[in-house]
Amino acid sequence: AQARMREALACKTPLLLSGAKTLADLARLQPDSTLDARLVQGMAERRQKGTLTPGESALLTHIEGRYVVERDRPRGEALLRQSISEAAKLPATSVDARKARAYSYTSLLFSSAKAGEYEQAWRLFGEEVGGQLPGRCALAVTTDVERTFVLARGPEGQLVGHHDASRRAPLHEELQGLVPDAMTDLLRACPAVEVVARPPLHGRAGLLPEDLAWAYHSVRASPGATGARAPRRLVVADVLAPEALGLPTLGGWAGLPGDEATMLLGRQATPSRVLEAMTDATQIEVHAHGLMNPDVSEA
């Protein structure tokens, strides 16, 4: 990677944000004074040109914070907070702003993990999703390149953390073993476990063993909150895929005891009906097949 970046930097063009992020990661994994200097110089030049969009500016602030936080934690965390603030001022349609916010929380979380500040990290997990996390029987997990960070709240509210930076291969599709056995054992005394898993972990199977009752955590608006809408959950399931795709049916959706969700099942789940039902839903679940194009970045 260092060799490829030296080739790229030989080009007489401004430093791309993707290149800057790569250099920031390399600076953490295997510092190189020449490449590090080129990163600092390249970021300064991009700022001076004044050609960045507001979203790109927020993303560049993140990259600077991601680099600096490994060398000067207070200054680096201040930059990461600045990036989150810059992103908050931009519309939700700004992909760069959304990346800046998510990536900055990643760096803040691992900064706390590295310092062993687990209570602070627990608050950060909650801050990012917009609500206080459960005080017991909960798990929070995030990954970032070579790093893994896991926090668990036991049945008595005890907080246990695990931070590792030794991964040298991509994560498997199934996530067995990502959560240490000792943390899983702590959660076995819980009747059920709520899990906060940040991308790219959210929604994937195998994070906890099958003999544990667990579900992904969702933030619920307080009924007394100013301007908060009454909760209305929408479930779209048993979706019928076009025959030409040759996809198997996903099976019936029995719902949950006492579940008051609005259900759109099978042939009821037409695009127009789903879109109409989404307009005033506070939580939306879609149980359907997904198609991915591996040739298109992030598709």
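Start by selecting strand 4 and strand 5 (residues 214-216) in this predicted model: the two pair in the parallel sense over 3 bridges. Turn on side chains and look for Val193, which stands opposite Trp214 in strand 5. Strand 4 itself covers residues 193-197 and is mostly covered, with 4 of its 5 residues buried.

Now add strand 1. Strand 1 also pairs with strand 4 in the parallel sense, this time over 4 bridges. To line the two up by eye, pick Leu139, which sits opposite Val195 in strand 4.

Zoom out to take in the whole sheet. It is an open sheet of 5 strands in the order 3-2-1-4-5, and the pairing is mixed. Colour strand 3 and strand 5 separately: these are the edges, and each has a single partner strand, so one side of each has no neighbour in the sheet. On average, neighbouring strands are turned by 15° against each other, direction ignored.

Next, show helix 7. This helix lies across strand 1, strand 2, strand 3 and strand 4, and runs at about 95° to strand 2.

From there, move to helix 6, residues 95-114. How far apart are its end C-alpha atoms? They are 28 Å apart, which agrees with the 28 Å that 20 residues should span at 1.5 Å a residue. Its buried residues include Ala97, Ala100, Leu108, Leu109 and Phe110, and polar ones such as Ser104, Thr106 and Ser107 are on the list too. Show what surrounds them: the buried residues pack against helix 4 (54-68), helix 5 (73-88) and helix 7 (118-129), and also against strand 1 (138-144), strand 2 (147-153) and strand 3 (159-164). Before leaving, click on Gly116, just after helix 6, where phi is positive at about 75°.

Now for the nonpolar interior. The largest nonpolar core has 23 residues, and Leu15, Leu23, Leu39, Ile63 and Tyr67 have the most contacts inside it. Helix 1 (2-9), helix 2 (17-29), helix 3 (33-49), helix 4, helix 5 and helix 6 each give two or more residues to this core. There is also a second, separate core of 19 residues, and Met183, Val193, Leu201 and Leu208 are among them. Val193 is the residue you met opposite Trp214.

Go back to the first core and centre on Leu15. Setting aside neighbours within four places in sequence, Leu15 is in contact with Leu9, Ala20, Leu23, Leu39, Gly42, Met43 and Arg46.

While you're in this region, select Gln2 in helix 1. Is this residue buried or exposed? Gln2 counts as buried because its relative accessible area is 17%, under the 20% cut-off. Check its side chain: a polar atom there lies 2.9 Å from the backbone oxygen of Gln30. Leaving out residues up to four places away in sequence, Gln2 touches Leu26, Gln30, Asp32 and Leu35.

Last stop: the other sheet. This open sheet of 3 strands has the order 7-6-8, with parallel pairing. The edge strands are strand 7 (262-265) and strand 8 (283-286), each pairing on one side only. The twist averages 10° from one strand to the next. Strand 6 (residues 233-237) pairs with strand 7 over 4 bridges, in the parallel sense; for one of the partners, pick Ala237 and find Leu265 in strand 7. Finish by showing helix 9 (residues 271-278), which packs on the sheet and touches strand 6, strand 7 and strand 8. The direction of helix 9 makes about 165° with that of strand 6.

How values were computed. Residues numbered from 1 in each chain as written. Predicted model: local features only at pLDDT ≥ 70, side-chain atom pairs only at ≥ 80, totals over all residues. Heavy atoms only, no water. Expected span 1.5 Å × (residues − 1). Buried < 20%, exposed > 50% of the residue type's maximum accessible area, 1.4 Å probe, protein only. Contact = heavy atoms within 4.5 Å. Core = buried A, V, L, I, M, F, W, Y, C linked by side-chain atoms within 4.5 Å. Pairing = 2+ DSSP bridges. Axes fitted to C-alpha atoms, helices over the stretch in contact; angles between N-to-C directions. Polar contact = N/O pair within 3.5 Å; in protein donor to acceptor, adjacent residues only side chain to side chain.
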